Each structure stands twice: as structure tokens, then as C-alpha cells.
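This report reads a single protein chain from its overall make-up down to individual residues. Please keep the sequence and the coordinates at hand while reading.

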Amino acid sequence: MQPSAGDDALTQTPLPATVPTGPDAAVPTDPDTAGPAPGKGYAISTRGLVKSYPGPDGTATHAVRGLDLDVRSGETFAFLGPNGAGKSTTIALLCALARPTAGRATVAGADVVSQPARVRRQVGMLFQHSALDMDLTAEQNLRIHARLYGMSRRHSRRRTHETLEAVGLTDRRRSPVRTLSGGMRRRLELARGLLHAPRILFLDEPTTGLDPHARAQVWEHLRDLRDRHGTTLFITTHYLEEAENCDRLAIIDRGRLVAQGTPAALKDAIGDDRVVLRTGDDRAACHVVRRTAPPGTGTALDAEGVRLRVPDGSSWIPRLCAALQAHGIPVRAASATPPTLDDVFFHHTGRSIHTPRPPAQPAATRSADATATRKPAPAGQDRPAAKAEGRR
């Protein structure tokens, strides 16, 4: 059964006549068309992975666009992106629950197209939306799932006991699922995904809707699982603080991979501190700051105040405040902070991870609209904040 692609919004573009589509479409196997082989020795490796769906009027709906990804065995890997980025679709491809339109992918050494059954035996899955039977007990849910995996009664009883103990739910094994809290249900789903001892565990938004305490408990069990058994954890999330806990992360936007690395390395690549100034006249202050800051510094004006990025931001605050006061502009607040993952996302995409992207338009409509509405900007008008920093 193929999981829902979650809230992934998709982009429509004209469909080339040569692109195979549909669930039975053949995936290119010619090395010249399929791209280089996935990297060897990785738990997960993809090259040029594409997933498209046929749309109306000869268009294609692109969910994943040319994904190149390598995940090492035993690491915790975060797949970071907003709703609609293509995260859930990518998981469906990697679990061999959806067939790629093009490209290659191996999971636990097995090809997702030619060896889908082997892939599914090696992976566990925690879906974005609950798939538990609310009327059954925790123990009954796990035993049914174990039997579906072909385990004997004796083996299913043993694994049920072991996984319930691993997630701290042994004392609630006979409780109906509907009586469990949200955090307990999520931990039960984690136990279900571990029944067959998978080498790789995919977790699609594992803590969505949980309170901070329940989220912390889920992460505690995930870290314990990795440390004890060396399980590779592939986690999709839009919670930046959760991505900070991972060994490495990749940022996906509109189906494309835009950045990949450790959280520290991605933040260090931005380098400059973020300075925010709130004044009695932010619009006038923006002009003063632009003249005072180093040449080429991107300065933006938004609801937060005047924003800019400079090296060693704390040393620049006194100079900026002095320049503003010299022009009779009172400074009400000033702050300098090092780069965050949201800054990394903004740097690569031009918007915050929590900012919804605008709905996609067909290419012909976008071109016509742009031609009809293009007007010269009035002299001195500030650029929108996202564009001002996005071009840096």
C-alpha cells in the first residue's frame, strides 16, 4: 500500500514526449540515460532520481527533480524542507512504494526498481499519519503487524515484547490504542516499524502534533535505537531544532536538493551574523544602514525591522547605532545572532522554511502574467526582504 505523499504540493510543467509516466512506466536502464550508478557502501544512495505524474493538457506534475543523495550507514540523516517540498514522495520512492520516473536508487544495497521486495524487508517505516487500529490493544496491533511480515506466532510474541520494552510501553501493552496519549501512540508506531529489525528506519514527520515533552521522549528512543543497534535513521521534518540533532541533513525545496552537509558546516558556510535593528523610523534607518554597512551588504526592511548580514555583527552594532543617532533616528532595539538553519534555508531558497510558497502556475500563464504586470520600480523603493537577501 502506497502512503500518501502528505502535504507535498507539486509543480506543473509541460510534459516532454520522451518522459515515461504512470505506475507501469519503465525506468531507463541505459547508463547513458539513467545517469551514474548510486554510490557504493552507503545505506541510501540516489542518482538523478525523478518522480513525475501526468497532468492535464500534456503537462507533468514534478514531485522530485533529479535527486542525488548519499546517506551513510548508522547515521541520523534529516531531510529538511517545508510542506510541499517533496519529502514524503522521496520516502515513498526509497521504500519501493512508488516507482521512480527516472534515475536510480539503492537502499540497503538493493535497487528500488529491480529488487523492491528486498528493499522492503530491509526498511521500517513510520508514516506521517497514524495507521494504528484504535480499537485494538498496543500488543494486538504489533502482533498483527508481525504476522503480516510472516513471523511465526512464537517469534511475533517475542518481538512484540522486545519492541514494547524498547519504547517504554510494556506496562501499557494491554491498553486500547484510543486510551493512549499522542506521544505513546507515536512510540507504538515506532515499535511497529522495528518489529522486523530493519537496517534503515524511515520516519516521516515523526513528532508532528506532539507536545515538547512527547517530542523529547520520541527523540530519546530514536537516539537509543541508533546507539544500540546501529540503525540508520532517515527523518523528514520541518522542525529546525530536530534537524540540529542529526549527524547530517539535506535541504529540499520544490523537489530539488539545494544543500547538504552537517548542521554546523551549513551554518558556517553562511558566515556572517544576522543583525536586526528596530528604530523610530525603520524606513529612514534602512537608507542610513545601507550607506554605513560594508559595500555590497544586503539590507532588508520587514516587520522585524532593518535586517542585514555582516561579519562579527556585535562589533557593528555600536557603529550602526551611532550613525542612526547622528541622523536623529532613535534606536529601540538591536541584536546580533549567528546563522541558524532557518538562515541556511533562506540563503538557499530565498524564504523562511515556515513561509508558504506561492501556488504554482503553468509556464504559459506565468509568462503572460509577467509581461502584463511588469512595471518599473519607483525610484528609491525598497526591494522585498526575501529578494534582497536571496540575491546575496
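The paragraphs below take up the chain as a whole, its sheets, the helices that lie across them, one buried residue and one pocket.

## The chain as a whole

The model is a predicted one, and local features are described only where pLDDT is at least 70. The protein chain has 14 helices and 15 strands, and buried residues make up 48% of its 392 residues. Among the contacts with a separation of 6 or more, 72% are between residues 24 or more positions apart.

## Two open sheets

One open sheet is formed by 6 strands in the order 7-8-9-4-10-11, with mixed pairing. Its edges are strand 7 (123–126) and strand 11 (256–261), each of which has a single partner strand, so one side of each is left without a neighbour in the sheet. Direction ignored, neighbouring strands of this sheet are turned by 15° against each other on average.

Another open sheet is formed by 4 strands in the order 13-14-12-15, and here the pairing is antiparallel. Strand 13 (299–302) and strand 15 (331–337) stand at the edges with a single partner strand each, so that one side of each has no neighbour in the sheet. The average turn between neighbouring strands of this sheet is 20°, direction ignored.

In general, the strands of a sheet pair through backbone hydrogen bonds, in either the parallel or the antiparallel sense. The table sets out three of the pairings in this model.

| Strand pair | Sense | Bridges |
|---|---|---|
| Strand 4 (residues 76–80) and strand 9 (residues 232–237) | parallel | 5 bridges |
| Strand 8 and strand 9 | parallel | 5 bridges |
| Strand 12 (residues 273–279) and strand 14 (residues 305–310) | antiparallel | 5 bridges |

Individual residues show how these strands are placed against one another. In strand 9, F234 is the bridge partner of F77, and F234 is also the bridge partner of F202. L80 stands opposite T237 in strand 9, while in the antiparallel sheet V276 stands opposite R307 of strand 14.

## Strand 9 and its two faces

How many of the residues of strand 9 are buried? Strand 9 is mostly covered, with 6 of its 6 residues buried. In a regular strand the side chains alternate between the two faces of the sheet. Both faces of strand 9 are covered, with T232, F234 and T236 buried on one side and L233, I235 and T237 buried on the other.

## Helices across the sheet, and helix 2

Helix 7 lies across strand 4, strand 8 (200–204) and strand 9, and runs at about 150° to strand 9. Helix 12 (residues 341–349) lies across strand 10 and strand 11, running at about 40° to strand 10.

Helix 2 (residues 87–94) is mostly covered, and 8 of its 8 residues are buried; these are K87, S88, T89, T90, I91, A92, L93 and L94. Helix 2 is followed by A96, whose phi is positive, near 60°.

## I252 in strand 10

I252 is found in strand 10 (residues 248–253). Why does I252 count as buried? The relative accessibility of I252 is 0%, and I252 therefore counts as buried, the cut-off for a buried residue being under 20%. When residues up to four places away in sequence are not counted, I252 touches F79, L80, G81, P82, A85, G86, K87, T90, L257 and F345. Two of these contacts, K87 and T90, are among the buried residues of helix 2. The C-alpha atoms of I252 and R65 are separated by 9.9 Å, although these residues are 187 residues apart along the chain.

## The second largest pocket

Rolling a probe the size of a water molecule over the atoms shows where empty space is left. The second largest pocket has a volume of about 360 Å³. Its lining consists of 16 residues, of which R159, A166, L194, L225 and H229 lie nearest the centre of the pocket. The elements that contribute two or more residues to this lining are helix 5 (153–166), helix 6 (182–194) and helix 7 (212–229). By residue class, the lining of the second largest pocket divides into 7 nonpolar, 4 polar and 5 charged residues. Helix 7 thus appears twice in this account, as an element of the pocket lining and as a helix lying across strand 4, strand 8 and strand 9.

Note on methods:
Residues numbered from 1 in each chain as written. Predicted model: local features only at pLDDT ≥ 70, side-chain atom pairs only at ≥ 80, totals over all residues. Heavy atoms only, no water. Buried < 20%, exposed > 50% of the residue type's maximum accessible area, 1.4 Å probe, protein only. Contact = heavy atoms within 4.5 Å. 1 Å grid on protein atoms, 1.4 Å probe; cavity = no way out; pocket = protein on both sides within 12 Å on 5 of 7 lines; lining within 4 Å. Points joined across faces, edges and corners; volume = space filled by probe spheres on them. Nonpolar A, V, L, I, M, F, W, Y, C, P; charged D, E, K, R; others polar. Pairing = 2+ DSSP bridges. Axes fitted to C-alpha atoms, helices over the stretch in contact; angles between N-to-C directions.
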